[in-house]
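Let's walk through this model together, starting with its cysteines and moving on to helix packing and the nonpolar cores.

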Amino acid sequence: MIATQAKLVYQLNKYYSERCQTRKAAIAKTIREVCKVVSDVLKEVEVQEPRFISSLSEIEARYEGMEVIAPNEFEVVLYLNQMGVFNFVDDGSLPGCAVLKLSDGRKRSMSLWVEFITASGYLSARKIRSRFQTLVAQAVDKCSYRDVVKMIADTSEVKLRIRERYVVLITPAFKCTGIWPRSAAQWPMPHIPWPGPNRVAEVKAEGFNLLSKECYSLTGKQSSAESDAWVLQFSEAENRLLMAGCRKKCLSILKTLRDRHLELPGQPLHNYHMKTLLLYECEKHPRETDWDESCLGDRLNGILLQLISCLQCRRCPHYFLPNLDLFQGKPHSALEAAAKQTWRLAREILTNAKSLDKL
């Protein structure tokens with residue numbers, strides 16, 4: 001048994017150094033190329049409208065505010081200033097979303113975003129995004145990369161297609177630090193020892209983002225109040241939780257397997273699903289020794305089996321917001337196909353570690 005586990009860990013490390021590192025290097029190259037174009041577009045936006053200041057910056061060869069959704073798909077989060085005159089209201093009526101309401105006694109004119117405040121005093125995510133979309137469309141026509149970048153129509157989100165190969169979503173957002181959403185108040189579960197009080201305090205201080213984008217739970221039924229809502233995002237908090245042990249290596253292997261074998265019609269699975277299930281696996285195995293390099297094979301198998309279970313039940317709860325289902329709106333046939341394909345993958349890795357050479 002131990003020999004089999006050791007063989008699997010050996011093969012996974014080989015897979016990591018051959019396949020995952022190649023994927024990382026290719027994505028890093030793409031990011032540099034994409035960020036040049038996006039920075040140029042955002043510079044033009046800023047000239048027209050100084051309230052939209054580009055927050056895309058390179059720190060130690062990483063771009064702050066850049067999320068990889070898939071090898072050819074990216075999201076750039078554009079942080080806005082001056083959320084101060086608004087109260088964060090999170091009553092759980094819109095899973096995964098919250099609203100920003102003008103604080104009592106504050107005049108509209110005190111806000112930098114005065115023309116985007118609705119009659120009832122909410123800062124409208126949709127109105128800000130609509131204005132930003134107009135500015136980006138004008139910037140695309142003026143920027144020095146205008147021959148290789150196009151706006152993608154038929155969406156209320158700001159999406160660019162670059163060199164006919166890459167898609168970049170640019171999302172206006174506010175960074176919220178020092179507060180924690182009520183809809184995430186159940187985290188951490190009192191009976192689960194991971195991640196421990198010190199790390200919990202760090203994560204909560206890290207805070208979360210409010211994004212202006214179409215929300216999972218709203219697709220197909222957006223009333224005006226709902227389209228004014230902002231989407232909660234916890235990427236910095238999640239990254240902080242995954243820092244120790246072989247967690248990041250495990251995520252890298254999962255992402256590579258997804259990109260190579262689970263990119264299916266209907267797009268049932270994104271890398272974010274993998275990240276979410278890895279966080280749940282951390283709760284199931286709370287001891288740091290469970291994340292030692294020698295346990296990599298066990299952890300990976302656990303996550304793949306959990307993924308199959310979620311796909312079969314057609315439900316994958318968000319890690320911090322369990323009322324939000326990350327499979328909402330996905331076609332059942334696509335989830336079924338993904339369950340079968342994940343099972344084939346898991347069975348192959350479990351029964352024959354050397355199959356990783358071909359995966």
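Why is the sulfur of cysteine 20 in no bond with the closest cysteine sulfur? The closest one, in cysteine 250, is 10 Å away, which is too far for a bond. A disulfide here is a pair of cysteine sulfur atoms within 2.5 Å, and a search of the whole structure finds 0 of them. Cysteine 250 is in no disulfide either: its nearest cysteine sulfur, in cysteine 246, is 5.9 Å away. Cysteine 20 is buried at 1% relative accessibility, and cysteine 250 is buried at 0% (buried means under 20% relative accessible area, with a 1.4 Å probe and protein chains only).

A word on the ground rules: this is a predicted model, in which local features need pLDDT of at least 70, side-chain atom pairs count only at pLDDT 80 or more, and totals for chains, interfaces and linings use all residues. Residues are numbered from 1 along each chain as its sequence is written, and side-chain values use heavy atoms, without hydrogens and water.

Cysteine 250 also takes part in the contact (heavy atoms within 4.5 Å) between α6 and α7, alongside residues including Leu254 of α6 and Met274 of α7. Helices are DSSP runs (H or I, at least four residues), numbered from the N terminus.

Now look for the largest nonpolar core, a set of buried Ala, Val, Leu, Ile, Met, Phe, Trp, Tyr and Cys residues joined through side-chain atoms within 4.5 Å. Among its 102 residues, Leu123 and Phe320 touch the most other members. Helix α1 (residues 2–48) supplies the largest share, 14 residues.

Notes: Buried < 20%, exposed > 50% of the residue type's maximum accessible area, 1.4 Å probe, protein only. Helix = DSSP H or I, 4+ residues; strand = E, 2+ residues; numbered from the N terminus.
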